[in-house]
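Me: Could you help me read a protein structure, one small question at a time? I am new to this, so please show me the reasoning.

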Amino acid sequence: MDLLEYEAKELFREMGIPVLPSQRLDHPKDLKGLTIPYPVVLKSQVHMGGRGQVGGVKCVENTIDAIATAQTIFNLPVMGEYPKVLLAEAKYNADREFYLAVTLNRSVRRPILLGSQQGGLEVQKSLHKIQHVIVEQQFSPYYARRLALKMGLQGALIGAVSAVIEKMYQLFVQNDLDLVEINPLGVSAGGDVMALDGKVSVNDDALARHPQLVSRMTKLDNQPLEGEPSAVVEIDPEGQIGIVCNGAGLTMATMDLVYQAGGKAGSFLNIDGETRWDSSPTLLKQRLEQGLEQMIQSQRIRVVLVNLISNLVSCDEVAEVIAGFLNRRVPTLHTLSDIRPDTLIAQATKTPWLVVRLVGSRCDRAREYLATAQMPLVESLDEAVNLVVSRVQ
Amino acid sequence: MERTLSRGLAQGVGVECCMEFQSSIWWKLPYRYWVKLIQRSFVPPYAALDAGLEAIAAGVRQIVLITEGMPPLDMVCLLRKAETTETLVVGPNTPGIIVPGQLLLGIHPTEFYTPGSVGLISRSGTLTYEIARELTLAGLGQSLGVCIGGDTIVGSSFPQWLEILDEDEATEVIVLVGEIGGDSEEAAAHYIAEAIDKPVVAYVAGHTAPKGRRMGHAGAIIASHISELGTEIGTAASKITAFERARIPVANYPSQIPTLVKKALRLLTKRSSS
């Protein structure tokens with residue numbers, strides 16, 4: 001998850017990375033208490049990129065001008081996102097603009113330092129000019145100096161830029177970040193450097209051990225914290241199929257199969273949990289139950305494909321949860337013992353919302369449990385997918 | 001075949017040692033000690049680094065990290081230590097390693113596996129079981145099943161396991177199960193073309209996964225390399241192109257894998273008889 005610019009800059013300031021004097025605005029009228037002398041730059045604080053192109057960054061000369069502009073920016077969506085906060089910042093005359101970043105490289109499995117003399121908007125066009133240094137072992141300032149040299153810097157700029165990189169790296173490690181980026185790093189005619197825009201991405205898995213970072217973060221609306229399990233994820237507004245699966249790989253493979261068969265998945269739920277340190281059968285069963293309830297709340301979802309490969313929880317335990325769920329839904333089916341069996345079957349096949357595919361231990365008992373809820377158990381994944389797709393067509 | 005040596009090396013970190021197992025594959029590994037770290041409710045992800053370092057300090061040279069959610073920078077620290085001590089780390093976020101009928105280092109459900117000659121390498125848990133099951137149903141047993149892990153930074157790589165399976169006498173065909181995110185499939189495709197003699201069949205999950213969304217594995221995410229720059233990396237299309245370029249047959253869906261494996265086996269027999 002990304003921090004907003006002003007949140008990133010607060011971290012920069014605390015770390016000693018040079019940033020301009022700035023003030024956070026929650027409302028245009030906050031400009032009356034502005035202590036930074038004009039001209040001032042007003043910047044929309046959104047997670048989406050490309051705010052500059054749509055007019056989310058404007059320079060203002062006086063209070064009247066500022067209030068009107070702030071009003072406009074507050075009402076200006078950037079890729080659909082409205083800012084809740086603006087940043088008012090002193091204007092800086094950069095002679096040159098550099099690009100700097102610290103991130104993790106998955107292939108070399110190490111943090112890498114990135115830098116280029118072509119920063120700002122130029123960086124997109126000159127990606128090949130970005131230099132990198134891999135932080136092989138324990139960090140030492142020479143890694144930063146090495147990058148500054150590779151960037152082709154000379155004289156006092158080597159020291160000034162590598163000092164910034166060093167602090168970026170400290171920030172990166174101390175807060176378990178995925179990315180620290182400064183673009184552009186403004187360089188004045190006199191050789192001073194200034195972080196003009198900043199981006200900080202936190203690591204979802206490490207966030208829980210950085211409460212101070214959580215408390216200062218602005219979360220995106222309607223976006224659950226990534227990594228949070230057991231939430232139904234909406235994907236395609238036209239999709240009528242819901243997928244309940246366990247494991248990321250299997251969930252993706254199942255979604256692919258549904259599309260290949262001509263269906264569209266509307267939402268999915270990954271029960272997951274096999275490799276979570278604190279997972280237990282009770283927890284997983286609970287998650288399945290909540291997930292099913294949550295999924296059928298949606299009016300759009302007409303069929304739910306439950307595709308589970310049991311390991312921690314055996315098939316019969318899963319089936320018990322599903323049967324319980326179904327019996328709660330159609331309590332009358334049970335008591336209609338006087339209805340002829342073929343009518344019952346007709347009723348059951350009409351049950352609109354579930355196709356159950358289970359494999360693993362104690363599958364036969366699972367079949368019996370599901371039979372009490374008139375629910376057939378499918379063992380072949382391809383067959384289950386075809387069944388689901390044929391029901392929505 | 002496996003014998004538990006000690007449980008809880010120290011401070012209740014929950015380390016299980018297994019040794020003295022007899023499988024042709026293991027003899028090429030430098031030490032005969034394996035450690036199963038963090039089983040089920042053992043060590044929380046934030047304690048995994050400490051447990052791993054402790055295991056290395058205790059002389060353990062093969063580590064399986066089952067737990068998911070270990071911070072990537074902790075993994076970087078562990079790998080720095082592991083590399084200088086020549087320790088093999090499998091995972092994190094993995095069901096571990098299975099040699100059907102012989103050895104289980106992790107949590108693979110044994111009922112889907114059967115001994116045989118297909119080496120199975122992947123990045124995920126349940127999808128690996130699914131494919132093992134498909135293979136077993138088609139009469140194709142497995143020589144080894146290993147998951148390198150679903151997290152962003154993992155220890156052992158596809159090339160390492162490809163090399164082990166290429167040299168393993170029990171393995172005839174290798175099945176590589178990839179997924180979106182990162183570039184490990186691309187690296188594997190390149191390595192197969194360069195160094196692997198045995199036939200490989202590939203499959204990639206996640207063609208229809210929404211972009212930028214975490215699917216459950218921290219590592220399975222299509223993302224721009226850095227911020228908004230650069231081209232997207234980690235797409236299924238990029239991985240499949242890499243495999244096709246390396247002339248590796250790619251299955252379109254899991255149940256097609258056994259068909260492709262059988263085809264590869266037929267070619268092998270034809271080649272050896274001619």
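Me: Thanks! In which loop of chain A is A:Gln374 found?

Reply: Happy to help, and do keep in mind that this is a predicted model. Phi of A:Gln374 is near 55°, a positive value in a residue other than glycine. To place A:Gln374 along the chain, look for the two elements on either side: it is found in the loop between helix H13 (363-372) and strand E16 (377-378) of chain A.

Me: Is A:Gln374 buried, partly exposed or exposed?

Reply: Buried means under 20% relative accessible area and exposed means over 50%, with partly exposed in between. A:Gln374 has a relative accessible area of 23%, so the word for it is partly exposed.

Me: And what about A:Asp176, is that residue buried or exposed?

Reply: A:Asp176 also has a positive phi in a residue other than glycine, with a value near 50°. A:Asp176 lies in the loop between H6 and E8 of chain A. Its relative accessibility is 5%, and the limit for buried is under 20%. Therefore A:Asp176 counts as buried.

Me: Which peptide bond is cis with omega near 10°?

Reply: Let me start with a cis bond in chain A: the one from A:Tyr38 to A:Pro39, with omega near 0°. A:Pro39 is found in the loop between strand E1 (22-25) and E2 of chain A. For the other value, turn to chain B, where B:Pro92 sits in the loop between strand E5 (88-90) and strand E6 (96-99). The cis bond with omega near 10° runs from B:Gly91 to B:Pro92.

Me: How many disulfides does the structure hold over all chains?

Reply: A disulfide needs two cysteine sulfur atoms within 2.5 Å. Take A:Cys245 as an example: the nearest cysteine sulfur, that of A:Cys315, is 13 Å away. For B:Cys147, the closest cysteine sulfur is in A:Cys245, 16 Å away, which is too far for a bond. Over all chains, the number of disulfides is zero.

Me: What is the relative accessible area of B:Cys147?

Reply: A:Cys245 gives a helpful starting point, since it counts as buried at 0% relative accessibility. B:Cys147 is buried too, and its relative accessible area is 1%.

Me: How are the rings of A:Tyr142 and A:Tyr143 arranged?

Reply: A pair of aromatic rings is described by the distance of the centres and the angle of the planes. Here the centres of A:Tyr142 and A:Tyr143 are 4.5 Å apart and the planes meet at 25°. Planes under 30 degrees apart count as stacked. So the pair of A:Tyr142 and A:Tyr143 is stacked.

Me: Which of those two tyrosines, A:Tyr142 or A:Tyr143, is buried?

Reply: A:Tyr142 has 34% relative accessibility, so it counts as partly exposed. At 3% relative accessibility, the residue that counts as buried is A:Tyr143.

Me: What kind of aromatic pair do A:Tyr169 and A:Phe172 form?

Reply: These two residues are three apart in helix H6 (residues 156-174) of chain A, which means that about one helical turn separates them. Both A:Tyr169 and A:Phe172 are buried. Their rings are 6.2 Å apart centre to centre, with 40° between the planes, and the pair is tilted.

Me: Which residues do ring pairs link into a cluster?

Reply: A search of the whole structure finds five aromatic pairs over all chains. You have already met the pair of A:Tyr142 and A:Tyr143 and the pair of A:Tyr169 and A:Phe172. The cluster linked by ring pairs is made of A:Phe139, A:Tyr142, A:Tyr143, A:Tyr169 and A:Phe172.

Me: Which two domains of chain A does the second largest pocket lie between?

Reply: About 1100 Å³ of space lies in this pocket. Among the residues closest to its centre are A:Arg51, A:Leu121 and A:Asp197. The domain assignment of chain A gives domain 1 (21-90), domain 2 (96-220) and domain 3 (233-392). Two of these both give residues to the pocket lining, so the pocket lies between domain 1 and domain 2.

Me: How many residues of that pocket's lining are charged?

Reply: The lining of the second largest pocket has 36 residues. They divide into 15 nonpolar and 10 polar residues, and the number of charged ones is 11.

Definitions and conventions: Residues numbered from 1 in each chain as written. Chains lettered and ligands numbered in written order. Predicted model: local features only at pLDDT ≥ 70, side-chain atom pairs only at ≥ 80, totals over all residues. Heavy atoms only, no water. 1 Å grid on protein atoms, 1.4 Å probe; cavity = no way out; pocket = protein on both sides within 12 Å on 5 of 7 lines; lining within 4 Å. Points joined across faces, edges and corners; volume = space filled by probe spheres on them. Nonpolar A, V, L, I, M, F, W, Y, C, P; charged D, E, K, R; others polar. Domains from an automatic or database assignment. Buried < 20%, exposed > 50% of the residue type's maximum accessible area, 1.4 Å probe, protein only. Phe/Tyr/Trp six-rings, centres within 6.5 Å; stacked < 30°, edge-to-face > 60°. Helix = DSSP H or I, 4+ residues; strand = E, 2+ residues; numbered from the N terminus.
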